[in-house]
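Trainee: I should like to take a close look at a single part of this model, namely chain B. Would you please describe how this chain is built, and explain each term as it arises?

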Amino acid sequence: MSDEALKDKLRGIIAEVSEVDEIPDETPFSELGIDSMMALEIVAEVERTYQLSIPEEELKDMTNFTKVYELVRGKLADAAE
Amino acid sequence: MSDFRYSVRVQYVDTDQGGVVHHAAYLRFLEGARVELLRSRGIDYRRFELEVGKGLPVTEARVRYRRPARFDDQLEIETWVPIVNRAKIRFDSRIWRGDTLLTEAEITCACVLLAEGRICSMDPSIRAAFER
């Protein structure tokens, strides 16, 4: 999957769970109205979609779109090795 | 759906001035059903709070009131879990009086660390109890 395709898919997941239409790269989720429960829903959907496991201690780093994207991209790369 | 059923008899205190069960009373009935459903799956909710240090607060409640219940009615609450994942557990219920469907509900709960008052991933014991 290309980086752009991954970004599009992740943006779609976040938008669907949060019901926020536009997910900018760097805007903190808190400013988009994405609360901690929605964030967990997003993680659950990302895990389900990509068959990944994201440890609890990494959740606190997923505070905006770029950080989610980088974390998922890294885990997919690790899984592909 | 599930075979789990919880019985409750409507008390006078559950009713309102109109002589029917007050809408808020159903939430208490549903809570009782959830606690007993958990117990039936090996989760003692009081021990879960005390020993695991987590709680399952309600984050969303959808209730559709179809027909009224009245004082002294014997109600049967059928409850099952259609969704449990890292973020939430949802309990769906139907409240019956005999063959008459009175109420349908969807109650969603998150998992929180009680000492810190913050949300956390659903406890593995809860997931295991309903994913099997």
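Mentor: Of the 132 residues in chain B, 25% are buried. A residue is called buried if 20 or more other C-beta atoms lie within 10 Å of its own, exposed if 12 or fewer do, and partly exposed in between, with C-beta atoms placed from the backbone. The model is predicted, and local features need pLDDT of at least 70, side-chain atom pairs count only at pLDDT 80 or more, and totals for chains, interfaces and linings use all residues. Residues are numbered from 1 along each chain as its sequence is written, while chains are lettered from A and ligands numbered from 1 in the order in which they are written.

Consider the overall dimensions next. The C-alpha trace of chain B spans about 40 × 30 × 20 Å along its principal axes. Its radius of gyration, taken over C-alpha atoms, is 15 Å, which agrees with the value near 14 Å for a compact globule of 132 residues; the globule rule is 2.2 Å times the number of residues to the power 0.38. Two residues are in contact if their C-beta atoms, placed from the backbone, lie within 7 Å. Among the contacts in chain B between residues at least 6 apart in sequence, 68% join residues at least 24 apart.

The secondary structure follows. Chain B has three helices and eight strands, and along the sequence they follow the pattern β-α-α-β-β-β-β-β-β-β-α. Helices (H or I, at least four residues) and strands (E, at least two) are DSSP runs, numbered from the N terminus.

How are the strands joined to one another? Strands of a sheet pair through backbone hydrogen bonds, either parallel or antiparallel. Here, two strands are said to pair if DSSP finds at least two bridges between them. β3(B) pairs with β6(B) in the antiparallel sense over seven bridges, and within this pairing Arg62(B) has Glu106(B) in β6(B) as its bridge partner. β6(B), residues 100–109, also runs antiparallel to β5(B), to which nine bridges join it. In that second pairing, Thr100(B) in β6(B) is the bridge partner of Arg97(B). The hairpin of β5(B) and β6(B) has two residues between the strands, and Gly98(B) takes a positive phi near 65° there.

β5(B), residues 89–97, has a further antiparallel pairing with β4(B), over seven bridges. A hairpin of four residues makes the connection from β4(B) to β5(B), and Val84(B) stands opposite Ile89(B) in β5(B).

There is also an open sheet of three strands in chain B, in the order β2-β7-β8 and with antiparallel pairing. The strands β2 (54–55) and β8 (118–120) of chain B stand at its edges with a single partner strand each, so one side of each is left without a neighbour in the sheet. Two bridges join β2(B) to β7(B), residues 111–113, and Gly55(B) stands opposite Val112(B) in β7(B).

One loop residue deserves separate attention. Phe71(B) lies in the loop between β3 (58–65) and β4 (74–84) of chain B. Is Phe71(B) buried or partly exposed? Phe71(B) is partly exposed, because 14 other C-beta atoms lie within 10 Å. Leaving aside neighbours within four places in sequence, Phe71(B) is in contact with Val10(B), Tyr12(B) and Thr15(B). Phe71(B) also illustrates how residues separated in sequence can be compared in space: Val13(B) is 58 residues away in sequence, and the two are 8.6 Å apart, C-alpha to C-alpha.

Finally, chain B touches another chain. Eight residues of chain B are in contact with eight residues of chain A. On the side of chain B that touches chain A, the residues divide into three nonpolar, three polar and two charged. In this division, Ala, Val, Leu, Ile, Met, Phe, Trp, Tyr, Cys and Pro count as nonpolar, Asp, Glu, Lys and Arg as charged, and the others, Gly among them, as polar.
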